[in-house]
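The exercises below ask you to work from a set of coordinates to short, checkable statements about side chains and their surroundings. Each task is followed by a solution that goes step by step.

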Amino acid sequence: MEVVPVAEPGEPGPGQVLVGPEAVGICGSDFHYFLGDIGTIEDPSVLYPRIQGHEAAGTILAVGADTPGLETGMRVALWPVRACGRCYACRIGRGNACVDISLIGVHEDGALQEQLLMPAAQVFPVGDQDATVAAVIEPVSIAVRTVVRGRVAAGEKVVVIGAGPIGQALALAATDRGASVLLVDTLESRLARGAAMGAETLRVARDESFVPAVREWAGGDGPEVVIEASGVAELVQPCVELVAQAGRVVVVSLSSERAPVRVGDLPLKEIDLLGVSCCGSGEFGDAVDLVSRRRDAAASLVTHEFTLDEAPRAIAYAMEHPTEVMKAVVRV
């Protein structure tokens, strides 16, 4: 990664706004992209070079025609998703799983720059929220999508494997729905933050099975929902073992590794094994509302801040110090 001058984007056209990014979060998917470990998406040769940055908040610098509700000077969060509108996923209302999806910071240049043209439909006003906190809205939107896809309901037991930024956001979103949440990780420092999200916590050693302790916590038939958010592929099978009969296992983490699953568990328990991509526009709006209501908890996710000139050091530092860094934010 290098910090270099780039051409200004020009004035916004109809349906566009010019945004000045103020704060950009760095997340695990940025690490995957930076390292070329991008799973099943397109040929890497067509994706680089690229300006990264998909977790972003900023201020509107200029608006084009046909941008109702948006004004110069507004602080906004950026929903990074653009769908084709034609494929099967789009036709059934799930454009977040579009076969030809385009994400800022991945398929097109993102927010680690001083000016960015955005479609008005991808710009969400956030009121008086601080830019750094508003940059957390995008990862929280993944959690909102996960609890929707997992049909998390009040009174249910939800187990989240992995207490990184997405795991923390999942605890926030699931407790907001009235569920009881157990956050599981090997790092005590990460689990300590989970309490601020309203979760109970369980620390396990790296070579220790979490299944017995989680079963004891859940009691009865077991947890109705188990969410894999660690990125460790071999943990999908313990999730399948743990979940209640007719429960839901949701995989939200990224990995290019194969996950060994005992296929017979799926029909015998008649569970739903679900994947989550990014969110839809309505869920992004719900994430804006959730972060506004729980901004102190959301703000606690941010542990490190860097300037734009320090962006190369920011991503390197975050990758090299996973036990120390929960969420690094670049202040543009």
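**Exercise 1. Characterise the salt bridge between Arg75 and Glu22.**

Solution. The side chains of Arg75 and Glu22 meet with an N to O distance of 2.8 Å, and a salt bridge is defined here as a side-chain nitrogen of Lys or Arg within 4 Å of a carboxyl oxygen of Asp or Glu. Next, place the partners: Arg75 lies in strand E3 (residues 75–78) and Glu22 in strand E1, so the pair ties together parts that are 53 residues apart in sequence. Helices (H or I, at least four residues) and strands (E, at least two) are DSSP runs, numbered from the N terminus. Finally, classify the exposure, where buried means under 20% relative accessible area, exposed over 50%, and partly exposed in between (1.4 Å probe, protein chains only). Arg75 is partly exposed at 24%, whereas Glu22 is buried at 17%.

Before going on, note the conventions: this is a predicted model, in which local features need pLDDT of at least 70 and side-chain atom pairs count only at pLDDT 80 or more, while totals for chains, interfaces and linings use all residues. Residues are numbered from 1 along each chain as its sequence is written, and side-chain values use heavy atoms, with hydrogens and water left out.

**Exercise 2. Determine which parts of the chain are joined by the salt bridge of Arg145 with Glu283, and whether its partners are buried or exposed.**

Solution. The closest N and O atoms of Arg145 and Glu283 are 2.9 Å apart. Arg145 belongs to helix H4 (residues 137–149) and Glu283 to helix H10 (residues 281–293), so this pair ties together parts that are 138 residues apart in sequence. Both partners are buried, Arg145 at 9% relative accessibility and Glu283 at 12%. For the total, the structure holds 12 salt bridges.

**Exercise 3. Describe the surroundings of the side chain of Gln113.**

Solution. Begin with its position, which is in the loop between strand E5 (102–103) and strand E6 (116–119). Gln113 counts as buried because its relative accessibility is 11%. Its side chain reaches the backbone oxygen of Gly110 at 2.7 Å. Turning to contacts (heavy atoms within 4.5 Å), and leaving aside neighbours within four places in sequence, Gln113 touches Val6, Pro21, Ile51 and Val332.

**Exercise 4. Explain why Cys27 forms no disulfide with its closest cysteine.**

Solution. A disulfide is a pair of cysteine sulfur atoms within 2.5 Å. The closest cysteine sulfur to that of Cys27 is in Cys278, 12 Å away, and this is too far for a bond. By the stated rule, the count for the structure comes to zero disulfides. As to exposure, Cys27 is buried at 12% relative accessibility, and Cys239 is likewise buried, with a relative accessible area of 0%.

**Exercise 5. Locate Ala246 and Glu270, and report their phi values.**

Solution. Ala246 has a positive phi near 65°, although the residue is not a glycine, and lies in the loop between helix H8 (236–242) and strand E12 (248–251). Glu270, which is not a glycine either, has a positive phi of about 50° and is found in the loop between helix H9 (265–269) and strand E13 (272–275). For exposure, Ala246 has a relative accessible area of 51% and is therefore exposed, and Glu270, at 61%, is exposed as well.

Note on methods
Polar contact = N/O pair within 3.5 Å; in protein donor to acceptor, adjacent residues only side chain to side chain.
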